[in-house]
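Please look over the sequence and the structure shown below before reading on. The report that follows is written for someone meeting this structure for the first time.

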Amino acid sequence: QIYKDFRKQYPEFCYQSFKYTQNQQELEIIFEFSMGKEHHFSPKHRFQIPKEISINDIPKSELDLMVFHLGMVEVISYWKSACPPRLLIKDFKLNEEQIKWWKKLYYEGLGEFFYLNSIETNKEDFMEIVCDDAPEMPKPIHSSLQEKVMVPIGGGKDSVVSLEILKETDKELIPFVINPRGATLESIKNAGFDTKEAFFTQRSIDKHLLELNAQGFLNGHTPFSAMLAYLSLVAARFNKAKYIALSNESSANESTVSGTNINHQYSKSFEFEVDFRNYYQKYIHSSIEYFSFLRPISELQIASLFSKFKHHHLSFRSCNVGSKDNIWCGHCPKCLFTYILLSPFIPQQEMHQIFGKSLLNDMSLKPDFLELRGLAATKPFECVGTVHEVELSLKNAQKEYFEEALMLNLSKS
């Protein structure tokens, strides 16, 4: 009912405008959104641009095109606070095919949000996108690019594997980081790169959104990897890089809620990857190649590869709960999944050094353990692998792990 009440109270959300300026070696982008007369949002993005690069090197129409689309993803975080039935866009005019594409991303990308907020809706009725007074979209970009590879770095095991393998090729690599933190910076350094070789961007959420969340407006998961996708286009264009190599694995395709299409990792899925590539090559930039380098392999294979890069073992972090403090919280499904996945490949003593304790002996994690094994209604709403991968990891854990009887005995039940 609260969903319906909010939609009545706020019938329209407006993507009003964007602007960008370059101050020395920083590009700042500010978006302007509104919801009713009383709610205004101005989220920001800042890019740390290398000295040899200037926004004057890129035609305004090209930068406008990329920044506008970045704003379309940014809208999701603010629109979801009340889910207005109408989205008005004033910047550019989307055609019917584009509107259909964006409605699919919003709907599928917010599948977890709808599910956890008990919202019943469908792809046709949840939103209308209108571009009444918007100017025509600039033509797609056809600029020549160099044989460089942008590698988004998240601080976890997956991007470490991509970075370590790709650095052995003859391509120039550019690590790409959003909101730098300890683990992302350490991943770059431990792979042998100077942070000056990386490309950084900072995303700032408007505090008013956080105030609305505290007041009881709707809140929940958004497709962050779609944000990363559009940010990486801007980053690739500034660096004249032809390739964007993600680190999304095959297991990202498995739904989180069994028997449905609800997937916490929708924007990491192969379906989104194909949709995004088709969209941006037709409407934004035809020369960039966006793909997931790890897509052909499983989480188990990634874990096996990662185990060989020992210089990363004490610095990588996959825990979202502890990300701000650059720690493993030791109490979430992501920590437990990572522990289980690495157990066939890394000795128990080293795992205790990494995580600070034996997670397989922590019975407070039993509900997460059951979800990871597919013995609950849903998998954890986290970026975790398949049920099959968890079972294989448990069966193949190194022998010393079986001394930790509590969880592993449970795994036989």
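This report goes through a set of paired strands, a buried acidic residue, the nonpolar cores, a helix and the cysteines.

## Strand S2 and its partners

The model is a predicted one, and a good place to enter it is strand S2, which spans residues 26-35. Of the 10 residues in this strand, 8 are buried, so the strand is largely enclosed by the rest of the structure. Strand S1, made of residues 12-23, pairs with S2 in the antiparallel sense over 10 bridges, and within this pairing Phe-18 has Phe-31 of S2 as its bridge partner. The two strands form a hairpin with 2 residues between them, and in its turn Gln-24 has a positive phi of about 55°.

S2 also pairs with strand S4, residues 44-48, in the antiparallel sense and over 5 bridges, with Glu-28 standing opposite Arg-46 of S4. Strand S3, residues 39-41, is another antiparallel partner of S2, joined to it over 3 bridges, and here the bridge partner of Ser-34 is His-40. The hairpin of S2 and S3 has 3 residues between the strands, and in this hairpin Gly-36 takes a positive phi near 70°.

## A buried aspartate in helix H2

Helix H2 covers residues 60-79 and contains Asp-64. Is this residue, Asp-64, buried or exposed? Its relative accessible area is 10%, so Asp-64 counts as buried. When neighbours within four places in sequence are left aside, Asp-64 is in contact with Phe-18, Tyr-20 and Phe-92; Phe-18 is the residue whose bridge partner in S2 is Phe-31.

## The nonpolar cores

The largest nonpolar core has 85 residues, and those with the most contacts inside it are Leu-94, Trp-102, Tyr-230 and Phe-238. Helix H2 gives the most to this core, with 12 residues. Not counting residues up to four places away in sequence, Phe-238 touches a set of residues that includes Leu-27, Ile-49, Ile-53, Leu-63 and Phe-199. Apart from this core lies another one, of 32 residues, which has Leu-342, Phe-369, Leu-372 and Val-390 among its members.

## The two sides of helix H12

In helix H12, residues 348-355, the buried residues are Gln-348, Glu-350, Met-351, Ile-354 and Phe-355. These residues cover an arc of only 155° around the axis, and therefore they lie on the same side of H12. An α-helix has 3.6 residues a turn, so residues three or four places apart point the same way. On the other side of H12, Gln-349 and Gln-353 are exposed.

Helix H11, residues 333-342, is included in what covers the buried residues of H12. Just after H12, Gly-356 takes a positive phi of about 85°.

## Cysteines without disulfides

How many disulfides does the model have? The count comes to 0 when a disulfide is taken as a pair of cysteine sulfur atoms within 2.5 Å. Cys-329 is in no disulfide, and the nearest cysteine sulfur to its own, that of Cys-319, is 3.7 Å away. Cys-332 is likewise in no disulfide, with the nearest cysteine sulfur, that of Cys-335, 3.7 Å away.

Cys-329 has a relative accessibility of 18%, and because residues under 20% are taken as buried, Cys-329 counts as buried. Cys-332, at 4% relative accessibility, counts as buried too.

Technical notes. Residues are numbered from 1 along each chain as its sequence is written. This is a predicted model: local features need pLDDT of at least 70, side-chain atom pairs count only at pLDDT 80 or more; totals for chains, interfaces and linings use all residues. Side-chain values use heavy atoms; hydrogens and water are left out. Buried means under 20% relative accessible area, exposed over 50%, partly exposed in between (1.4 Å probe, protein chains only). Helices (H or I, at least four residues) and strands (E, at least two) are DSSP runs, numbered from the N terminus. Two strands pair if DSSP finds at least two bridges between them. Contact means heavy atoms within 4.5 Å. The arc is that of the directions from the helix axis to the C-beta atoms. A nonpolar core is a set of buried Ala, Val, Leu, Ile, Met, Phe, Trp, Tyr and Cys residues joined through side-chain atoms within 4.5 Å.
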